[in-house]
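Trainee: Please take a close look at one part of this model for me. I want the charged pairs, and then whatever else helps to place them.

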Amino acid sequence: MMGLSFAQAMFKQAISVADLNAAARDTALNNGAAVAYDPSEPEIARRIIKETEGGFDEIVDFAGNEKSIAFAVSVLARGGKIVVSGLMGGNFSLPMVQWVYKRMAIEGFMVGTLAEGRELMALARAGKIKPAPMKEEPMADVQKWIDALRAGKVVGRIVLRN
């Protein structure tokens, strides 16, 4: 959600998202995403390439695992760039000929510069960044929410209170 909000504040073009979690896709659509794709859908890469007339120019991978980067590569346009900020882990391999043919760039990103931080804070102060969905729950339910988080069923943030 935060990535969508930042992208909407920074860019004029429509923003598309992809998520395995149906609730996250619905939340993204309800918050202005133009399209929300399910990466597990059969033939999804072909569909995206067709709908986007060649793939996406820029992709941010917030998961950072083997499946998410493989999906990103499959829907990236020639000359496109993937920025990986997720840290789920795993390995990444790609035949060199595909890398060269696609003329792609892949960049890792964890923390921005001070100037970028100031730019993001200015967007937030201007009211251009929507906060992530937040829900308060009792601390006694901590295990329930840890399990839900592991199962990918949490959209936004859960704040546990005593």
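Mentor: Arg47 and Glu51 form a salt bridge, with the closest N and O atoms 2.8 Å apart. This is a predicted model, so read every value as computed from it. Both residues lie in helix α3. They sit four residues apart, about one turn of the helix. Arg47 counts as partly exposed, because its relative accessibility is 31%. Glu51 also counts as partly exposed, at 43% relative accessibility.

The second pair is Glu136 with Arg161. Their side chains meet in a salt bridge at 3.1 Å, N to O. This pair links distant parts of the chain. Glu136 is in strand β6, residues 134-138. Arg161 is in strand β7, residues 157-161. The two are 25 residues apart. Glu136 is exposed, because its relative accessible area is 51% and the cut-off for exposed is over 50%. Arg161 is partly exposed, at 39% relative accessibility.

Back to α3 for a moment. Glu41, Arg47 and Glu51 are joined into one network by salt bridges that share partners.

The third pair is Asp38 with Arg25. Their side chains meet in a salt bridge at 3.7 Å, N to O. Asp38 lies in the loop between β2 (35-37) and α3 (44-51), and Arg25 lies in helix α2 (residues 22-30), so the pair ties together parts that are 13 residues apart in sequence. Asp38 and Arg25 are both buried. The model's count comes to seven salt bridges. Those described here are among them.

Now take a charged residue without a partner. Asp61 is buried yet has no salt bridge. The nearest side chain of opposite charge is that of Lys67, 13 Å away. A salt bridge needs a side-chain nitrogen within 4 Å of a carboxyl oxygen, so Lys67 does not qualify as a partner for Asp61. Asp61 belongs to strand β3, residues 56-61. What does Asp61 contact, leaving aside its neighbours within four places in sequence? The residues are Ser68, Ile69, Val83, Val84, Ser85 and Gly86.

Ser5 is another buried residue. Its relative accessibility is 1%, under the 20% cut-off, so Ser5 counts as buried. Ser5 lies in helix α1, residues 2-10. Not counting residues up to four places away in sequence, Ser5 touches Lys128, Ile129 and Lys130.

Just before those contacts in sequence comes a helix end. Helix α6 covers residues 114-125, twelve residues in total. The helix α6 reaches 16 Å from its first C-alpha to its last. That is close to the 16 Å expected at 1.5 Å a residue. Gly127 follows α6, with a positive phi near 75°.

Last, the nonpolar side of the surface. Phe92, Met96, Trp99 and Val100 form a nonpolar patch there. Together they have about 410 Å² of accessible area. Phe92 is in the loop between β4 (76-84) and α5 (96-102). Phe92 counts as partly exposed, because its relative accessibility is 34%.

To sum up the charges: Arg47 and Glu51 pair within helix α3. Glu136 and Arg161 link strands β6 and β7. Asp38 and Arg25 pair while both are buried. Asp61 is buried with no salt bridge.

Notes:
Residues are numbered from 1 along each chain as its sequence is written. This is a predicted model: local features need pLDDT of at least 70, side-chain atom pairs count only at pLDDT 80 or more; totals for chains, interfaces and linings use all residues. Side-chain values use heavy atoms; hydrogens and water are left out. Buried means under 20% relative accessible area, exposed over 50%, partly exposed in between (1.4 Å probe, protein chains only). Lys and Arg count as positive and Asp and Glu as negative; His and the chain ends are not counted. Contact means heavy atoms within 4.5 Å. Patches are made of residues with over 30% relative accessible area and no salt bridge: like charges are joined within 9 Å, nonpolar side chains (Val, Leu, Ile, Met, Phe, Trp, Tyr) within 5 Å. Accessible areas come from the Shrake-Rupley method with a 1.4 Å probe; for residues, only the protein chains shown count as cover. The expected span of a helix is 1.5 Å times one less than its number of residues.
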